[in-house]
Amino acid sequence: MTTTVLLPDAGSYVEMTASDEQAARVRVVHAEGKGLTLSAPLVAVPVVGADVTLRWSAAPRGRYALTCAVLAVAENRLQVEARGEPLVEQQRHFVRGGGGEQVIMHRAGFPDANGWIRDISEHSMRAHFEDTNVRDGEDLQLRIELGSEIIDVGATASKVERLAQQVPPGPMSVELVAIFDVTEAQARVIRRYVMRQQLLSRTRA
């Protein structure tokens, strides 16, 4: 007997990520039981055996998040199988906002690096750091200034892009995604900050 889990509808579009990174928009070609056939941009097609997360609307509560394993790939088509039931992510957990605030990165054995936030959520931050070099998977300690409040979090570097200054020749800098877990008190600081930035953005618009 085929086990059925809650899946997005065939013909709908969902977000697919292999980590807490920029999502790819993919189309659900077929959905039945625990399996889905997806059509994805070629640049976003994962390898067989990878785990991906699919997200789609669970209005008004937030959105569903379903972990799947990639079973087969043929050009831009992929077959995936659900691993368990979808979870509901509350809206506050994936809203991102902000940009330009200072962050200091500390690594054992290296000088502190100054950077600034591109955007931030409760689980990750996209940031630019000057005069430093970082590897994917490296452990970081971050001191993040969010308005008048400061939080210190341990994080892991992901999706690191190295940027060498060309004209004039200068030191290496990086853009990266820092993935972290925060306490509820720190999560409240981030939520307040993101909400303030969203309100300011609407006011300017």
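Is Arg192 buried, exposed or partly exposed? Select Arg192 and you will find that it counts as partly exposed, at 36% relative accessibility; here buried means under 20% relative accessible area, exposed over 50%, and partly exposed in between, with a 1.4 Å probe and protein chains only.

Before going on, a word on the model. This is a predicted model, where local features need pLDDT of at least 70 and side-chain atom pairs count only at pLDDT 80 or more, while totals for chains, interfaces and linings use all residues. Residues are numbered from 1 along each chain as its sequence is written, and side-chain values use heavy atoms, with hydrogens and water left out.

**The whole chain**

Colour by secondary structure: the protein chain has two helices and 13 strands, taken as DSSP runs (H or I of at least four residues for helices, E of at least two for strands) and numbered from the N terminus. Of its 205 residues, 41% count as buried. Switch on a surface, and the accessible area comes to about 11,500 Å², with 51% belonging to carbon and sulfur atoms; such areas come from the Shrake-Rupley method with a 1.4 Å probe, and for residues only the protein chains shown count as cover. Among contacts (heavy atoms within 4.5 Å) between residues at least 6 apart in sequence, 52% join residues at least 24 apart.

**Salt bridges**

Back to Arg192, now with Glu149 selected too. Their side chains meet in a salt bridge, 2.7 Å from N to O; the term means a side-chain nitrogen of Lys or Arg within 4 Å of a carboxyl oxygen of Asp or Glu. Glu149 lies in strand S12 (residues 149–164) and Arg192 in helix H2 (residues 184–204), so this pair ties together parts 43 residues apart in sequence. Glu149 is partly exposed, with a relative accessible area of 24%. Next, pick Glu122, Glu184 and Arg191, which are joined into one network by salt bridges that share partners.

The count of salt bridges comes to eight. Another one to visit is Glu81 with Arg83, whose closest N and O atoms are 2.6 Å apart. Glu81 is partly exposed at 27%, and Arg83 is partly exposed at 44%.

**Arg107 and its two partners**

Now centre on Arg107, which is buried at 5% relative accessibility. Its side chain meets that of Glu138 in a salt bridge of 2.9 Å, N to O. The two are 31 residues apart: Glu138 is in the loop between strands S10 (124–129) and S11 (139–146), and Arg107 in the loop between S8 (102–106) and S9 (113–120). Glu138 is buried too, with a relative accessible area of 12%.

Add Phe110 to the selection: the charged end of Arg107 sits over its ring, 4.0 Å from the centre. For this, NZ of Lys or CZ of Arg must be within 6 Å of the ring centre and within 35 degrees of the ring normal. Arg25 likewise has its charged end over the ring of Tyr13, 3.9 Å from the centre.

**An aromatic pair**

Select Trp56 and Tyr64, both buried. Their ring centres are 5.3 Å apart and their planes at 40°, so the pair is tilted. Rings of Phe, Tyr and Trp (its six-membered ring) pair if their centres lie within 6.5 Å, with planes under 30 degrees apart stacked, over 60 edge-to-face and the rest tilted.

**Two backbone stops**

Most residues other than glycine have a negative phi. Finish with Asp131, which has a positive phi of about 55°; Asp131 is in the loop between S10 and S11 and is exposed at 58%. Then select Lys159 in strand S12, where phi is near 50°.
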